[in-house]
Amino acid sequence: APLGLVGGAMPGRVVVGVDGSAHARHALRFALSEAALRGARVDAVSSWAVPSLAATGVGMIPAFDLLRAELGDSAREVVAGELEDAAAAAAGLDIEQVVAQGDAAGVLVDAAAGADLLVVGSRGRGGVTGTVLGSVSRACLHHAPCPVAVVHDAGPTERSRIVVGIDGSPGASVALDWAYTEARLRGVGVYAVCVQDEPWGLSALGMSSAAALVELRAALAEGAERVLEEARASAPEGVGVTGEVAQS
């Protein structure tokens, strides 16, 4: 579905994971800029979980409720503090703070239901309990129900194109449509890359003939060029598509 406001549709929603780490701080600023571009709401999400030993240890039972309350309060303080530090970028945006109990990846994937974009840092703490966000970002990429942006650095750069990998598959077609929408939203072009992937072990499969190898490689190159040309032809009006065929 197109992102942002289309034909008077309801504003979209950008979900971002916040945990107080530097990488999550980059993600928050990226999410705020994306929400401003789309006219979307921001859900700033943090998670907390009681350490497993504390939850099961007999000695912790009397303090269990207190521990849960303190962890929840700490997570809320982290979100509030990060939003306060990003006040300039957040000005004029509709922002909701979401704090939930659970593992960071699960909380973020659940929060992303119906969202236009989920934004996470490349690494971080993954919640106030210390989970490495590298594993969280990977889990979000595999399980999130919407597009995912993994942010390494949200510093100011000149972004002049959307790069998309294509191979003629249904998944690549979805990615290409998303790239068109993003390009139109930003007023930039699309750069499509089709990788010509030669099957491994051709000689072992009996393809040792030089003539057969040349013929196969020519067919692969022709197929890759066709995929790239189809991407150019399917682009909506106003979106320029350039690209290349690369060999892995």
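**Exercise 1. Find the residue with which Arg186 forms a salt bridge, and say how exposed each partner is.**

Step 1. Look around the Arg186 side chain: a salt bridge joins Arg186 to Glu182, and the closest N and O atoms are 2.7 Å apart. The term salt bridge asks for a side-chain nitrogen of Lys or Arg within 4 Å of a carboxyl oxygen of Asp or Glu.

Step 2. Place the pair: Arg186 and Glu182 both sit in helix H7, four residues apart, about one turn of the helix. Helices (H or I, at least four residues) and strands (E, at least two) are DSSP runs, numbered from the N terminus.

Step 3. Check the accessibility. Arg186 is partly exposed at a relative accessible area of 31%, whereas Glu182 is buried at 1%. Here buried means under 20% relative accessible area, exposed over 50%, and partly exposed in between, with a 1.4 Å probe and protein chains only.

A word on the source: this is a predicted model, where local features need pLDDT of at least 70, side-chain atom pairs count only at pLDDT 80 or more, and totals for chains, interfaces and linings use all residues. Residues are numbered from 1 along each chain as its sequence is written, and side-chain values use heavy atoms, leaving out hydrogens and water.

**Exercise 2. Work out where Arg232 and Glu229 lie in helix H8, and how far apart they are.**

Step 1. The two side chains meet in a salt bridge, 3.4 Å from N to O.

Step 2. Arg232 and Glu229 are three residues apart in H8, so about one helical turn separates them.

Step 3. Arg232 is partly exposed, at 33% relative accessible area; Glu229 is partly exposed too, at 43%.

**Exercise 3. Describe the sheet that contains S6, S7 and S8, and the helices across it.**

Step 1. Order the strands: S6-S7-S8 make an open sheet with parallel pairing. Two strands pair if DSSP finds at least two bridges between them.

Step 2. Find the edges: S6 (161–166) and S8 (241–247) each pair on one side only. From one strand to the next, the twist averages 25°.

Step 3. Count the bridges: six join S6 to S7 (residues 189–196). Gly165 has Val193 in S7 as its bridge partner.

Step 4. Add the helices. H7 (residues 170–186) lies across S6, S7 and S8, at about 175° to S6. H8 (residues 210–234) lies across these three strands as well, at about 160° to S8. Contact means heavy atoms within 4.5 Å. Axes are lines fitted to C-alpha atoms, for helices over the stretch in contact, and angles run from 0 to 180 degrees between N-to-C directions.

**Exercise 4. Say which residue forms a salt bridge with Asp43, and whether Asp43 is buried or exposed.**

Step 1. Asp43 forms a salt bridge with Arg13, with 2.9 Å between the closest N and O atoms.

Step 2. The pair links distant parts of the chain: Asp43 is in strand S2 and Arg13 in strand S1, 30 residues apart.

Step 3. Asp43 is buried at 5% relative accessible area, and Arg13 is buried at 14%.

Step 4. Widen the view: Arg13, Arg41, Asp43 and Glu96 are linked in a network of salt bridges. A search of the whole structure finds ten salt bridges.

Step 5. Finish with the sheet around the pair: five strands, in the order S3-S2-S1-S4-S5, form an open sheet with parallel pairing. Its edge strands are S3 (95–101) and S5 (148–151).
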